[in-house]
There are 2 protein chains.
Amino acid sequence: MKDAAHAQEHITTELLVCVTCRRKGAAPEDERRPGRILYERILAGEPPEGLSVTPVECLQNCSNACTVALRGGDAKWTYVFSDVDETAHAPMLLAGAAQYHAAQDGVIPWRERPEHFKRNCLVRIPPIKPTSKDA
Amino acid sequence: MKDAAHAQEHITTELLVCVTCRRKGAAPEDERRPGRILYERILAGEPPEGLSVTPVECLQNCSNACTVALRGGDAKWTYVFSDVDETAHAPMLLAGAAQYHAAQDGVIPWRERPEHFKRNCLVRIPPIKPTSKDA
């Protein structure tokens, strides 16, 4: 086992949820933004150990809400996902975040990746510490 | 002067340039991708001290190329910009990167921000170290 693989077990994975997101054109049913509802549903899904869920203000992807990001230390890619559904997608996000947490560089193998992640990756940003592997 | 303001002077700002980007629908004139041309023009513009320019493989924003990102340590927002023109935008990017480098949290005041940054911010990601200021 590489040192890096051992070390990353102790690094928290962060799921950032934009709580100011609202769906385009849709009037909210109450005071809560869809991003806030999404955040609450993720928390209700009991995030596993090692995953921190952070509400954030405006990721400036307002036209493709809801928006979330996954990051996890200097050795992992950061991923941003768009068009997340606040009523249906909390379990998918928690499962995907667990896969991301388990992946040394944050790159979930394509075939194992949630369909929503495959089709709605807005952008990814490389690790701060360069790696030899690129995928 | 705050300690944080003093410390950030020593943190390198990184301009990530996707060198695999190509413009949608356009056949390249030669073997070089537009993202590679953009990277070369940025380097030719002599990046100022404190700015590191990094070529990266695929940020997965292929439908809105060219794509660049700015990041600078744990206390700054990370910004991703789309639709960068490889022939015209290198000077604008260098100027904008210098403004980003000078901003403690990476948030360039709106009125001073390059027009392209205002209109083509794909997404921004908050600092790893939370700050009290949000803009």
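## Working through a sheet and a few odd backbone spots

In this predicted model, Thr78(A) has Ile125(A) as its bridge partner in strand 5 of chain A.

**Exercise 1. Starting from that pair, find how strand 4 and strand 5 of chain A are joined, and in which direction they run.**

Step 1: Look up strand 4 of chain A, which covers residues 78–81. Thr78(A) and its partner Ile125(A) give you a place to begin.

Step 2: Now count the bridges: there are four between strand 4 and strand 5 of chain A.

Step 3: Follow the directions, and you'll see that the two strands run antiparallel. In general, strands of a sheet pair through backbone hydrogen bonds, and the pairing can be parallel or antiparallel.

**Exercise 2. Work out the strand order of the open sheet in chain A and pick out its edges.**

Step 1: Walk across the five strands, and the order reads 2-1-3-4-5, with mixed pairing.

Step 2: Check the two ends. Strand 2 (51–56) and strand 5 (121–125) of chain A each pair on one side only, and that makes them the edge strands.

Step 3: For the twist, ignore direction: neighbouring strands are turned by 15° against each other on average.

**Exercise 3. Say which strands of chain A helix 2 and helix 3 meet, and at what angles.**

Step 1: Take helix 2 (residues 34–44) of chain A. It lies across strand 1 (13–18), strand 2 and strand 3 (68–71), and runs at about 145° to strand 1 of chain A.

Step 2: Move on to helix 3 (residues 90–102) of chain A, which packs on the sheet and touches strand 1, strand 2, strand 3 and strand 4. Its direction makes about 25° with that of strand 3 of chain A.

**Exercise 4. Track down the cis peptide bonds at Cys66 in chains A and B.**

Step 1: Recall the general rule that most peptide bonds are trans.

Step 2: In chain A, a cis bond joins Ala65(A) and Cys66(A), with omega about -15°. Cys66(A) sits in the loop between strand 2 and strand 3 of chain A.

Step 3: In chain B, Ala65(B) and Cys66(B) are joined by a cis bond with omega about -10°. Cys66(B) is in the loop between strand 2 (51–56) and strand 3 (68–71) of chain B.

**Exercise 5. Decide whether Glu46(B), which has a positive phi, is buried or exposed.**

Step 1: Most residues other than glycine have a negative phi. Glu46(B), though, has phi near 55°.

Step 2: Place Glu46(B) in the loop between helix 2 (34–44) and strand 2 of chain B.

Step 3: The relative accessible area of Glu46(B) is 65%, so this residue is exposed; the cut-off is over 50%.

Definitions and conventions: Residues numbered from 1 in each chain as written. Chains lettered and ligands numbered in written order. Predicted model: local features only at pLDDT ≥ 70, side-chain atom pairs only at ≥ 80, totals over all residues. Heavy atoms only, no water. Pairing = 2+ DSSP bridges. Axes fitted to C-alpha atoms, helices over the stretch in contact; angles between N-to-C directions. Contact = heavy atoms within 4.5 Å. Buried < 20%, exposed > 50% of the residue type's maximum accessible area, 1.4 Å probe, protein only.
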